[in-house]
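Reader: I am new to protein structures and would like to learn how to read one. Could you walk me through an example, feature by feature?

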Amino acid sequence: MKLVVATLSFLFLISCAVEDDYVQFQIEQVFSDNLEQTIKVDIIYVQSSVASNQSFYNLDETAFIQNLNGSFFHRYGIGLEIGDIQTLINDELYDLRDNSGEESRVFLAQTQDLYNKNRMNIYIIKRSHTDAIAGIGKNQRALITDEFLFTATAPHEIGHALGLFHSTIEGNVMSKIRPHMRKDFTNAQVDQMKNAMKKIEEF
Ligand SMILES: [Zn+2]
């Protein structure tokens, strides 16, 4: 037990920003029937070809999407709807942490010919201990490792996937400071996400 604790604190030291996001957010859930823009979300589980590597983590996809809507998106008139649920066997993506510094490039290259262009595509790596990788988002694709699905990393990467850059405003979903404080989008960010969603829908 002592050994485990020592290993964990070492990890936290080298990736404190990520560790900070392990604190689950406490945001009042707000749901709306009056949404201006909705988007279908496909969920793609990334698994290893080596059967013994499989994580036992089981995600309730409906609860995941509902949590995102209630905590972050419905209050801005944006709705995520669950689309198809798939599995992708891809060892390069599963072992993404081996590509240190190149994670984003590798993720986009590995999914370039696969993703659904009419949807938001959320890739979930079904493994724990991914070290510093919490998520990546760009070009209507987000990749989230399984420990971060119910933290503010999920809406942050979805924001990137819809074209948003980082914000310096503390408490903004796109901020890099104090990840567990993230909860708001600005009006400009909301407009930008709605426009990106419209384009995806019309593709
Ligand atoms: Zn970011």
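Author: Gladly! Keep in mind that this is a predicted model. Let us begin with His-166, which is partly exposed, with a relative accessible area of 42%.

Reader: How do I read such a percentage, and is His-156 buried or exposed?

Author: Under 20% relative accessible area a residue counts as buried, and over 50% as exposed. His-156 has 5% relative accessibility, so it is buried.

Reader: Which residues coordinate the zinc ion?

Author: To read a metal site, look for the atoms that hold the ion. Here they are the NE2 atoms of His-156, His-160 and His-166, at 2.0 to 2.1 Å. Along the sequence, these donors follow the spacing H-x3-H-x5-H. His-156 belongs to helix α6 while His-166 sits in the loop between α6 and α7, so this pair ties together parts that are ten residues apart in sequence.

Reader: Thank you! Now the sheet: in what order do the strands come?

Author: With a sheet, go from one strand to its neighbour across the sheet, rather than along the sequence. This open sheet has five strands, in the order β2-β1-β3-β5-β4, with mixed pairing. β2 (78-89) and β4 (135-138) are at the edges with a single partner strand each, so one side of each has no neighbour in the sheet. From one strand to the next, the twist averages 20°.

Reader: In which sense do β1 and β2 pair?

Author: They pair in the parallel sense, and ten bridges join β2 to β1, which covers residues 37-47. You can find Tyr-45 opposite Thr-87 of β2.

Reader: And where do the helices go?

Author: For a helix beside a sheet, ask what it touches and at what angle it runs. Helix α6 (residues 153-161) packs on the sheet and touches β2, β3 (120-125), β4 and β5 (141-145). Its direction makes about 25° with that of β4. Helix α7 (residues 187-202) lies across β1 and β2, at about 75° to β1.

Reader: Which residues of α7 are buried?

Author: Gln-189, Val-190, Met-193, Lys-194, Ala-196, Met-197 and Ile-200. These residues cover an arc of only 165° around the axis, which means they are on the same side of α7. Their cover includes β1, α3 (61-73), β2 and α6.

Reader: What is on the other side of α7?

Author: There, Asn-187, Ala-188, Lys-199 and Glu-202 are exposed. Try finding both sides of the helix on your screen!

Note on methods. Residues numbered from 1 in each chain as written. Predicted model: local features only at pLDDT ≥ 70, side-chain atom pairs only at ≥ 80, totals over all residues. Heavy atoms only, no water. Pairing = 2+ DSSP bridges. Helix = DSSP H or I, 4+ residues; strand = E, 2+ residues; numbered from the N terminus. Axes fitted to C-alpha atoms, helices over the stretch in contact; angles between N-to-C directions. Contact = heavy atoms within 4.5 Å. Buried < 20%, exposed > 50% of the residue type's maximum accessible area, 1.4 Å probe, protein only. Arc of directions from axis to C-beta. Donors = N, O, S within 2.8 Å, 3.2 Å for Na, K, Ca; no water.
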